[in-house]
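Biologist: I would like to learn how to read a fold such as this one feature by feature. Could you take me through it, with the general idea before the particular case?

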Amino acid sequence: SQCEGTEMTSTALGDFCSPLALSVRAGRCLRPDGGRLQPSASSEGMDLGFEQSLPTLLGGGADEASAKEVRLLREYHCRWVRQLEGDQAVQRRDELERLMQQTRERMRFEPPSMPGNRYGPDATLPMFRPGWHVPTLALINPNSGAKAGADILTLARKTPYYQRRFFNILDVLRETHRGGLLDVFRQELVAARDEARAMGVRPRLVSGGGDGTGSFALFIVFQALQADASREDEGLGDAGNGFIWSDDELAEGFPALAQMPLGSANDFGHAVGLGHRYPGEGVGSFFSTSRQRAHAALRQLAAWLEATMGVGTQVANFDVWGIMPPEGEERCDFKVCELGGERGADPRASVDGVRQLVLKEAGLPVPFFCCLYFSIGFFAYMTARFQVNRRTRPTYNKLEYCRQALGILFERRPPQLSVGLDDLDITCGGEEYFPPRRAQGNSGRRYQDVGFLNVNWQGGVGHGADRAPRAAACVARGPREPAKFNDGKADMYRLKLSSPLRWFGTTRQTDKRDGPITATYSGGRGKGVFFQWDGEA
């Protein structure tokens with residue numbers, strides 16, 4: 001350590017310490033005063049073979065060395081190990097920064113031209129104004145909104161602020177490796193939290209896509225904040241709850257979700273007042289030129305972003321439900337598959353002369369966060385069939401929903417499904433809910449659907465209000481409490497095919513129940529139930 005000159009110091013350290021470096025795994029380091037130096041976390045549990053290396057290091061027997069020489073050598077060795085660990089940590093940080101910089105360079109890529117952009121070839125997003133706008137990130141599905149998501153991401157590449165903070169949600173899901181888009185998203189999320197804290201507000205996250213994109217966006221935020229012991233030196237240490245933020249930091253800095261309606265039903269955006277159609281859909285008249293329609297669409301998009309990022313925009317609490325194992329269990333005891341088959345009015349296949357469902361193992365699992373609604377039965381089966389036949393435009397998708405619903409009504413029940421909702425039992429907060437009046441011998445055979453609403457809007461037509469006598473339900477809606485997204489309750493419902501006729505409309509009767517909601521199916525091997533949440537079946 002006393003050698004002068006960088007090269008000489010490096011050579012001296014290398015020559016002097018190479019036997020130590022090869023000899024392995026050390027214990028504790030002693031201070032010159034007899035105290036004990038604690039090794040760093042990365043060297044804990046390693047034995048450096050210090051005692052065995054002393055004769056080589058001292059050029060003779062270890063017994064001939066004085067206690068002072070041994071203590072000084074221990075201290076020197078400890079310092080060298082720590083310096084080596086520090087150099088390695090710096091190298092890892094530099095490597096990570098280099099990888100992330102390469103990822104950012106890819107994000108800055110701007111296509112040479114975009115003549116087909118619905119917002120115009122020369123369009124740009126409104127300038128972000130610190131102090132006026134809340135720090136905002138975005139996770140956008142480029143395939144949603146008849147590719148409107150791709151057009152918005154293209155515009156984002158033109159402005160430095162959006163270039164850094166507007167992400168393709170599909171790419172983030174794919175690039176979870178070290179230095180990939182998930183790491184870049186985490187870095188921007190932390191920066192947005194710090195900027196928002198200085199303003200006394202909560203950062204915001206635009207979730208652009210269909211109704212299911214909201215749960216995907218929540219999943220990515222949690223995944224970005226998940227602790228990783230192998231990368232503790234890179235800021236991914238556990239704050240005591242499995243995440244890199246403490247509970248207080250999560251409560252204060254978790255981003256507020258703003259749903260950009262780029263799907264078909266867009267129940268999420270409609271329920272929270274952010275629109276039922278994507279910004280720019282259906283603008284202009286029959287006589288408008290393409291340039292006029294593009295300018296009108298851009299004005300709508302700019303107005304939507306201004307309202308979402310504006311510091312005066314209201315932020316509200318929102319209940320989020322999740323699919324989890326029963327209390328006391330470590331894992332769920334059901335298997336998840338998805339409907340296969342060919343596109344068309346009837347996705348079933350003929351097997352042994354019988355039209356049967358074609359099922360396949362679920363691919364990329366959708367996060368089991370439920371923001372809007374959950375149901376088992378008819379609507380889930382309809383949604384599963386729709387997913388096989390998804391269209392490119394929202395209007396065509398709505399028509400496809402109707403086609404599949406009519407098909408279910410007039411087709412023979414496939415052998416993989418029970419009659420109605422027979423063999424299904426549901427409890428809410430430990431109390432029986434479905435089938436009703438079980439003690440009187442009632443079953444679920446006559447029911448077609450059961451579930452709950454978290455928002456008072458489903459598929460653009462369905463609503464919910466507290467259960468009431470039939471006459472009161474028909475005449476007076478005022479006293480009945482609607483489904484709410486921030487009351488901590490599940491607005492449960494159950495319906496038969498005749499239920500809309502008895503309700504005289506689409507406002508279904510609901511019962512506010514506490515969670516957890518436990519669903520049990522006992523149909524036996526080879527049978528199951530369709531379930532859907534937030535439009536994913």
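**Reading the sheet, the cores and the helix contacts**

Modeller: Let us start with a helix and the strands under it, bearing in mind that this is a predicted model. Helix H4, residues 144-156, lies across S3, S4, strand S5 (204-209) and S6, and its direction is at about 135° to that of S4. Helix H11, residues 290-309, also packs on the sheet, where it touches S3, S4, S5 and S6, and its direction makes about 165° with that of S6.

Biologist: In what order do the strands of this sheet run, and is the pairing parallel or antiparallel?

Modeller: The sheet is open and has 4 strands in the order S4-S3-S5-S6, with parallel pairing. Strand S4 (166-168) and strand S6 (256-261) stand at the edges, and because each has a single partner strand, one side of each is left without a neighbour in the sheet. From one strand to the next the twist averages 20°.

Biologist: How many bridges join S3 to S4, and which residue is the bridge partner of alanine 138?

Modeller: Strand S3, residues 136-140, is joined to S4 by 3 bridges, the two strands running parallel, and alanine 138 has phenylalanine 166 in S4 as its bridge partner.

Biologist: How should I read the nonpolar interior, and which residues have the most contacts inside the largest core?

Modeller: The general idea is that in soluble globular proteins nonpolar side chains tend to be buried together. Here the largest nonpolar core has 37 residues, and Leu139, Phe167 and Phe185 are those with the most contacts inside it. At least two residues of this core come from each of helix H3 (67-107), S3, helix H6 (169-174), helix H7 (181-199), helix H8 (213-224) and strand S18 (490-495). Phenylalanine 185, neighbours within four places in sequence being left aside, is in contact with Leu137, Leu139, Phe167, Leu205, Ile220, Val221 and Ala224. Another core, of 28 residues, lies apart from this one and has Ala258, Leu262, Val283 and Ala296 among its members.

Biologist: How is a pair of packed helices described, and at what angle do the axes of H7 and H8 cross?

Modeller: Two packed helices are described by the angle between their axes and the distance between the axes. The axes of H7 and H8 come within 9 Å and cross at roughly 85°, and the two helices are therefore roughly perpendicular to each other. On the H7 side the contact is made by Leu182, Phe185, Arg186 and Leu189, and on the H8 side by Ile220, Val221, Gln223 and Ala224. Sorted by class, this contact of H7 with H8 has 6 nonpolar, 1 polar and 1 charged residues.

Biologist: Turning to single residues, is threonine 213 buried or exposed, and what does it touch?

Modeller: Threonine 213 lies in helix H8 and counts as buried, because its relative accessibility of 8% is under the 20% cut-off. Not counting residues up to four places away in sequence, threonine 213 touches Ile169, Ser207 and Gly208.

Biologist: And where is methionine 199 placed, and with which residues is it in contact?

Modeller: Methionine 199 is in helix H7 and, at 31% relative accessibility, counts as partly exposed. Beyond its neighbours within four places in sequence, methionine 199 is in contact with Gly131, His133, Val134, Pro135 and Val311. Glycine 131 is 68 residues away from methionine 199 along the chain, while their C-alpha atoms are separated by 7.4 Å.

Terms used. Residues numbered from 1 in each chain as written. Predicted model: local features only at pLDDT ≥ 70, side-chain atom pairs only at ≥ 80, totals over all residues. Heavy atoms only, no water. Pairing = 2+ DSSP bridges. Axes fitted to C-alpha atoms, helices over the stretch in contact; angles between N-to-C directions. Contact = heavy atoms within 4.5 Å. Core = buried A, V, L, I, M, F, W, Y, C linked by side-chain atoms within 4.5 Å. Buried < 20%, exposed > 50% of the residue type's maximum accessible area, 1.4 Å probe, protein only. Parallel < 35°, antiparallel > 145°, perpendicular 65-115°, else oblique. Nonpolar A, V, L, I, M, F, W, Y, C, P; charged D, E, K, R; others polar.
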